[in-house]
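Here's an informal walk through this fold, meant to be read with the coordinates open beside you. Grab your viewer and follow along.

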Amino acid sequence: MIYITFGYRLPYFISKVLFGDRRRFGVVANTDDPCWKEWEKTYLDFYYNNQKKSVGKIVNNAGYHVMSKIDMEGKKILEIGPGDISHIPYWRSKPDLYIIADTQNQMLDLSSKKLERFNINYSKILVMGRGFIELPFRDEELDIIVSFYTFEHLFPLENYLKEFKRILKKGGRIVGAIPCEGGLAWDLGRFFTTRRWFKRNTNINPDKIICWEHPNFADTVLKTLDLHMKRLYVNFWPFKIPFIDFNLIVSFIYEKQ
């Protein structure tokens, strides 16, 4: 499948505003940078004000529907970056064990409360900072890895996928969704919404945080998944045609061969 985007062809003075100034700041976060330190302190405020309200909530929910295609009965499942696990209403069955992994205790506490409310057996793992590669699982231990709006963050992505493949059983699946990062519709939407939030509520330079938070464009994520696993399902939203520029969200299911 070809994932078409015209974003790479834009002039630099436009692309740096839409996609972050990657030429100047790169895609690996400078953790000593004042903007990054402020971002770490304000992340939860950003999450609740932009991802869980209004348009942001509608867009995120569009990716969660893919969970209705997954049978979790009797399965051992890992979710990377679970947030508040907003996709639970789309589950059609409960797993034997649902494992949550995140770099922040606050987010793990949020996820835990949601799982307890739905009486789901779970455990949690605090991953020690960005750049983690190895996970505390045996080879071929897990049935499913769930990842909503995290693959755009993981860099270098190929190293993470190799680890995910290691801990997945043969026939195990990766299910989730990503934003159409690098596409015109997504990045123009961000220009008129979350970029304004940054300017209004923080001293953060969004040209830094955009490229540090989202080092992977959507086409890179999909091509890397295609390279390492078998594609079972890919869906673009709100339009069905596989044009990253015209859509906001891509949901997917991939299988380990």
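Let's start with helix α9, where P206, D207, K208, I209, I210, C211, W212 and E213 are buried. That makes 8 of the 8 residues in α9 (residues 206-213), so the helix counts as mostly covered, given that buried means under 20% relative accessible area. One thing to keep in mind from here on: this is a predicted model. What do the buried residues of α9 pack against? Their partners are α1 (12-19), α2 (22-25), α3, α7 and α8.

**Helix pairs**

Two of those partners, α7 and α8, also touch each other. Helix α7 spans residues 184-192 and helix α8 spans residues 194-201. Their axes come within 3 Å and cross at roughly 25°. Since angles under 35 degrees count as roughly parallel, that is the label α7 and α8 get. On the α7 side the contact uses R190, F191 and F192, and on the α8 side T194, R195 and R196. By type, the residues of this contact split into 2 nonpolar, 1 polar and 3 charged.

Another α9 partner, α3, has its own contact with α5. Helix α3 covers residues 34-51 and helix α5 covers residues 105-117; they pack at about 40°, with axes 11 Å apart. The two helices are therefore oblique to each other. From α3 come Y43, L44, Y47 and Y48, which meet Q106, M107 and L110 of α5. The make-up here is 6 nonpolar, 1 polar and no charged residues.

While we're on α5, take a look at D109, which lies in that helix. Is D109 buried or exposed? Neither label fits: D109 is partly exposed, because its relative accessible area is 36%. The C-alpha atoms of D109 and N247 are separated by 32 Å, and these two residues sit 138 residues apart along the chain.

**The sheet**

Now for the strands. There are 7 of them in an open sheet with mixed pairing, ordered β3-β2-β1-β4-β5-β7-β6. The edges are β3 (122-126) and β6 (230-237), each of which pairs on one side only. From one strand to the next, the twist averages 15°.

Here are four of the pairings, with the bridge counts and the direction.

| Strand pair | Bridges | Sense |
|---|---|---|
| β1 (76-80) and β2 (97-102) | 5 bridges | parallel |
| β1 (76-80) and β4 (142-148) | 3 bridges | parallel |
| β5 (168-179) and β7 (249-255) | 7 bridges | antiparallel |
| β6 and β7 | 7 bridges | antiparallel |

Strand β1 is mostly covered, with 4 of its 5 residues buried. A handy residue to click on is L78: its bridge partner in β2 is I99, and in β4 L78 stands opposite I145.

Strand β7 is mostly covered as well, with 7 of its 7 residues buried. I249, S251, I253 and E255 point one way from β7, while V250, F252 and Y254 point the other way. Which residues stand opposite E255? R173 is a bridge partner of E255, and K230 stands opposite E255 too. Further along the pairing of β5 with β7, I174 stands opposite Y254.

There's a helix over this part of the sheet, too. Helix α10 (residues 218-228) lies across β5, β6 and β7, running at about 10° to β7.

**The nonpolar cores**

How many residues does the largest nonpolar core have? It has 56, and those with the most contacts inside it are L78, W91, Y98, F151, F164 and I174. L78 and I174 are familiar by now from the strand pairings.

F151 deserves a click of its own. Leaving aside its neighbours within four places in sequence, F151 is in contact with L157, L161, F164, I174, I178, N216, V221, L225 and F252. Two names on that list, F164 and I174, are also among the residues with the most contacts in this core.

Apart from the largest core lies another, of 11 residues, including C35, W36, W39 and W197.

Methods:
Residues are numbered from 1 along each chain as its sequence is written. This is a predicted model: local features need pLDDT of at least 70, side-chain atom pairs count only at pLDDT 80 or more; totals for chains, interfaces and linings use all residues. Side-chain values use heavy atoms; hydrogens and water are left out. Axes are lines fitted to C-alpha atoms, for helices over the stretch in contact, and angles run from 0 to 180 degrees between N-to-C directions. Angles under 35 degrees count as roughly parallel, over 145 as roughly antiparallel, 65 to 115 as roughly perpendicular and the rest as oblique. Contact means heavy atoms within 4.5 Å. Ala, Val, Leu, Ile, Met, Phe, Trp, Tyr, Cys and Pro count as nonpolar, Asp, Glu, Lys and Arg as charged, and the others, Gly among them, as polar. Two strands pair if DSSP finds at least two bridges between them. Buried means under 20% relative accessible area, exposed over 50%, partly exposed in between (1.4 Å probe, protein chains only). A nonpolar core is a set of buried Ala, Val, Leu, Ile, Met, Phe, Trp, Tyr and Cys residues joined through side-chain atoms within 4.5 Å.
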